[in-house]
Structure formats: C-alpha cells, structure tokens
Amino acid sequence: MQRLVMFVLTMLLAGCSLPLSPPPADVTHTLTLAPDTPVPTARLPGVSLQVAAPGAAPGYATSAMAYRKSPHELLYYARHRWVDRPARFIGQALEDGLSAAGVSVLAEGAGARPDYRLLSELLQLDQDFTQRPSQVRLAVRLQLVDVRQARVLGSHTVRLEQSTASDDPVGGVVAANALLAKLVAEAVSFCVRLTAE
C-alpha cells in the first residue's frame, strides 16, 4: 500500500512539473488603402486641404476588433485586434486617397494654413453576426470646413456595409478594407462637390 501511495504521489508531482505550452499570441490586422485603389480625380488647382485627426464614437476609440451578436451588444474579439485604432487608419487613408486624387494635402503641423479642413468621426466599424453571412458595417461622418471664411461648407455621413467571405475575424478584416476604399472614394467626391459650389 505504501508503495502505491508513493507511486501516485510521484506521478502527480511529475504531472505538475510538465512544461506548459505558452498561450497563443494575439493576431493583429491592418486597415489600409491599397496602392492601386481607384479614386475619383479631383481637379482643385491651387487648393490645399488638411485632414484633421479623426475622432471616434464611444466603443470604437480602441484597437480592439468589435462585433455584434445582437443589435445593442458590442463585443470584442479576444485574440484578434487592429494594429492601431481604426480612426487613425481612416485618417491616413483619407490623406492618401485625396493625394492620389490630385489634391494638395497639407500635413497637420506643416506650418501653412490650408484652404479647407476635412473633419471626420468614426461612428461604427463592426462585424454583425445577427445575419449570415456576417456583415461589416462602417459609418463615418465627414465635415468640410472653409478655413479662410471659418464656416462649415457641408456635412455628410457615409454608411457602408459588405458581406464577409467567411464568418470569422479574417473575413471581417477583408470586408473592412474593401469598405475603406469605398469610403475614401466617397470622401473625395464629397470634397470636390463642396469646393466646386
């Protein structure tokens, strides 16, 4: 009996000393405008524009990737996240898209006063699982300000959605990047329309 007890204790101690496998690493994703993204041509000769740092609505000022399983519940993936806050990605994409369209974009802190300033706020970016396939929804409020006259020329809320190819975080990331390209195209058209009036 004593030998049996010793054997059991030895096995238990051996089990406790087994190396534990490390927890899986987080998976990070980017939200960027592809270099070959088509954007409308903006003919604004002699006009300069500045993209202000975008704001974010409550729940979206984080690098966590959001999803929904019900209309009023916002959840976040445990292991998948954005490399940075989505609002910062959107600001960079707006600058890149407007530059690619032919607009003279001044960086913040450039020391020169722009003719126009584009304000934006991320209102929604999440993957909705209340339907299948899941849908990614992106909503951004745009506002163009005439800096010299200190007045708002117009506001527009862009609301976009796209089905995912797979009901998982990667499917959501692919759809979100596709929506970002559509957002930039709409933002360029918005700026061109208001500055031409």
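These legends describe several close-up views of a predicted model. Local features are given where pLDDT is at least 70 and side-chain atom pairs where it is 80 or more, while totals for chains, interfaces and linings use all residues. Residues are numbered from 1 along each chain as its sequence is written, and side-chain values use heavy atoms, with hydrogens and water left out.

**Figure 1. The whole protein chain has three helices and nine strands.** Helices (H or I, at least four residues) and strands (E, at least two) are DSSP runs, numbered from the N terminus. In that direction, the order of elements is α-β-β-β-β-β-α-β-β-β-β-α. The chain is more spread out than a compact globule, because its radius of gyration is 24 Å, well over the 16 Å that the globule rule gives for 197 residues. The radius is taken over C-alpha atoms, and the rule is 2.2 Å times the number of residues to the power 0.38. The C-alpha trace spans about 95 × 40 × 30 Å along its principal axes. Of the 197 residues, 41% are buried. Buried means under 20% relative accessible area, exposed means over 50%, and partly exposed lies in between (1.4 Å probe, protein chains only).

**Figure 2. Arg68 and Asp126 form a salt bridge.** A salt bridge is a side-chain nitrogen of Lys or Arg within 4 Å of a carboxyl oxygen of Asp or Glu. By this rule there are eight salt bridges. In the pair shown, the closest N and O atoms of Arg68 and Asp126 are 3.0 Å apart. Arg68 belongs to strand E4 (residues 64–70) and Asp126 to strand E7 (residues 116–128), so-called distant parts of the chain, 58 residues apart. Both Arg68 and Asp126 are buried.

**Figure 3. A salt bridge between Asp115 and Arg148 joins two loops.** The closest N and O atoms of this pair lie 2.8 Å apart. Asp115 sits in the loop between strand E6 (104–106) and E7, and Arg148 in the loop between strand E8 (135–146) and strand E9 (151–163). The two residues are 33 residues apart. Asp115 is buried, because its relative accessible area is 14%.

**Figure 4. Arg132 and Asp167 form a salt bridge.** Here the closest N and O atoms are 3.4 Å apart. Arg132 is in the loop between E7 and E8, whereas Asp167 is in the loop between E9 and helix H3 (169–196), 35 residues apart. Arg132 has a relative accessible area of 58% and is therefore exposed. Asp167, with 34%, is partly exposed. Elsewhere, Asp128, Arg137 and Glu161 are joined into one network by salt bridges that share partners.

**Figure 5. The rings of Tyr67 and Phe129 form an edge-to-face pair.** Rings of Phe, Tyr and Trp (its six-membered ring) pair if their centres lie within 6.5 Å; planes under 30 degrees apart count as stacked, over 60 as edge-to-face and the rest as tilted. Two aromatic pairs meet this rule. Why is the pair of Tyr67 and Phe129 edge-to-face? The ring centres are 5.9 Å apart and the planes stand at 85 degrees, so the pair falls in that class. Tyr67 lies in strand E4 and Phe129 in the loop between E7 and E8, so the pair ties together parts that are 62 residues apart in sequence. Tyr67 is buried, at 15% relative accessible area, and Phe129 is buried at 14%. Tyr67, Tyr77 and Phe129 form one aromatic cluster.

**Figure 6. The largest cavity has a volume of about 80 Å³.** A cavity is a set of points, on a 1 Å grid over the protein atoms alone, where a 1.4 Å probe fits but cannot get out; lining residues have an atom within 4 Å of a point. Points are joined across faces, edges and corners, and the volume is the space filled by probe spheres set on them. There are two cavities of 30 Å³ or more. Residues lining the largest cavity include Met65, Tyr77, Trp82, Asp126 and Val173. E4, strand E5 (73–82), E7 and H3 each give two or more residues to this lining. The lining has eight nonpolar, two polar and one charged residue. Ala, Val, Leu, Ile, Met, Phe, Trp, Tyr, Cys and Pro count as nonpolar, Asp, Glu, Lys and Arg as charged, and the others, Gly among them, as polar.

**Figure 7. The second largest cavity holds about 40 Å³ of space.** Among its lining residues are Gly59, Thr62, Tyr76, Pro86 and Leu125. The elements that give two or more residues to this lining are E4 and E5. Seven of the lining residues are nonpolar, two are polar and none is charged.

How values were computed. On a 1 Å grid over the protein atoms alone, a cavity is a set of points where a 1.4 Å probe fits but cannot get out, and a pocket is an open set with protein on both sides within 12 Å along at least five of seven lines; lining residues have an atom within 4 Å of a point.
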